[in-house]
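Visitor: I should like to understand how the terms used for this structure are justified. Please take me through the reasoning behind each of them.

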Amino acid sequence: MRQPLRFRLQWETDSVLKLETDFGQQIRRFIFNSEPPQDIQNTLQGYSTASWEYDQFPDRGFFGLVNPRDNGPQYGSLKVETDHLTEAWLRANGAPVSENAKVIELFDFFKGPDDSDWLVITTIVQDPTYLYEDFVTSSHFRREADRSMWDPRPCMYDLP
């Protein structure tokens, strides 16, 4: 989520929220109300479980993505916890991350001063192998008026 990209979120089923990005055509699935399967393999994307962390502020929402099983709008953060990751790097020139790492993402919506819709994704990486404390970053996204700029394209690398 740190690349220059556009993304879209939509419900795939009543318990799976799908996030698609146009940069690299990545697809992530956030699984609600479920534990990871016992035989799951580690991958670069890992396994992501999701939950809502509700609050008492009625002027906040999450781009209209309420749980379809709820009767009305709920307000707060979408919390996504990802584990079962393979070893990787925090950044291309950064510290390594072990397969013991856990990534927590908080998706928070707010209105800008011009009444525009914004989303802040706070990412917290916890890794007892390589990190003494949590690695925290945030990314900010503004909702576009329509999907005319949506242009999925694959990752292209020139390898030696």
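Guide: In this predicted model, β8 and β9 are paired antiparallel, with 10 bridges between them. In one of these, lysine 102 has glutamine 126 in β9 as its bridge partner.

Visitor: What makes β8 and β9 count as paired strands?

Guide: Two strands pair if DSSP finds at least two bridges between them. β8 and β9 have 10 bridges, so the criterion of at least two is met. The two strands form a hairpin with five residues between them.

Visitor: Which residue in the turn of that hairpin has a positive phi?

Guide: Aspartate 115 does, with a phi near 70°, although the residue is not a glycine. Aspartate 115 belongs to the loop between β8 (102-111) and β9 (117-126).

Visitor: Why is aspartate 115 called exposed?

Guide: Its relative accessible area is 56%. Exposed means over 50%, so aspartate 115 is classed as exposed.

Visitor: How does histidine 84 compare with these terms, and where does it lie?

Guide: Histidine 84 is in the loop between β5 (76-83) and β6 (88-89). Its phi is also a positive value, near 60°, in a residue other than glycine. Its relative accessibility is 24%; buried means under 20% and exposed over 50%, with partly exposed in between, so histidine 84 counts as partly exposed.

Visitor: Why is β9 described as largely enclosed by the rest of the structure?

Guide: The description rests on a count: seven of the 10 residues of β9 are buried, and buried means under 20% relative accessible area. β9 is therefore largely enclosed by the rest of the structure. β9 also pairs antiparallel with β10 through eight bridges, where threonine 122 has serine 138 in β10 as its bridge partner.

Visitor: What is the order of the strands in the sheet, and what is the pairing called?

Guide: The order is β1-β2-β3-β4-β5-β8-β9-β10; these eight strands form an open sheet, and the pairing is mixed. The edge strands are β1 (7-13) and β10 (135-142), each of which pairs on one side only. On average, neighbouring strands of the sheet are turned by 25° against each other, direction ignored.

Visitor: How do you know that the pairing is mixed?

Guide: Strands of a sheet can pair either parallel or antiparallel, through backbone hydrogen bonds. Here, strand β3 (residues 27-32) and strand β4 (residues 47-54) pair in the parallel sense over three bridges, with phenylalanine 32 opposite alanine 50 in β4. By contrast, β4 and β5 pair in the antiparallel sense over eight bridges, and serine 51 has lysine 79 in β5 as its bridge partner. β1 and strand β2 (residues 16-21) also run antiparallel, joined by six bridges; there, leucine 9 is partnered with leucine 19 in β2. Both senses occur in the sheet, and the pairing is accordingly mixed.

Visitor: How many aromatic pairs are there?

Guide: Rings pair if their centres lie within 6.5 Å. The count comes to five aromatic pairs.

Visitor: What makes the pair of phenylalanine 7 and phenylalanine 141 edge-to-face?

Guide: The ring centres are 4.9 Å apart and the planes stand at 90°. Planes over 60 degrees apart count as edge-to-face, so this pair is edge-to-face. The two residues are 134 residues apart, phenylalanine 7 in strand β1 and phenylalanine 141 in strand β10, and the pair thus links distant parts of the chain. Phenylalanine 7 and phenylalanine 141 are both buried.

Visitor: Why, then, is the pair of phenylalanine 110 and tryptophan 118 called stacked?

Guide: Their ring centres are 6.4 Å apart, and their planes are at 15°. Planes under 30 degrees apart count as stacked, so the term applies to this pair. Phenylalanine 110 is partly exposed at 36% relative accessibility, as is tryptophan 118 at 24%.

Visitor: Which residues form one aromatic cluster?

Guide: The cluster consists of Trp11, Phe32 and Trp52.

Visitor: Finally, why is aspartate 151 called partly exposed?

Guide: Its relative accessible area is 47%. Exposed means over 50% and buried under 20%, so aspartate 151 falls in between and is partly exposed. Aspartate 151 is located in the segment after β10. Its C-alpha atom is 9.9 Å from that of phenylalanine 7, although the two residues are 144 residues apart along the chain.

Key
Residues numbered from 1 in each chain as written. Predicted model: local features only at pLDDT ≥ 70, side-chain atom pairs only at ≥ 80, totals over all residues. Heavy atoms only, no water. Helix = DSSP H or I, 4+ residues; strand = E, 2+ residues; numbered from the N terminus. Axes fitted to C-alpha atoms, helices over the stretch in contact; angles between N-to-C directions. Buried < 20%, exposed > 50% of the residue type's maximum accessible area, 1.4 Å probe, protein only. Phe/Tyr/Trp six-rings, centres within 6.5 Å; stacked < 30°, edge-to-face > 60°.
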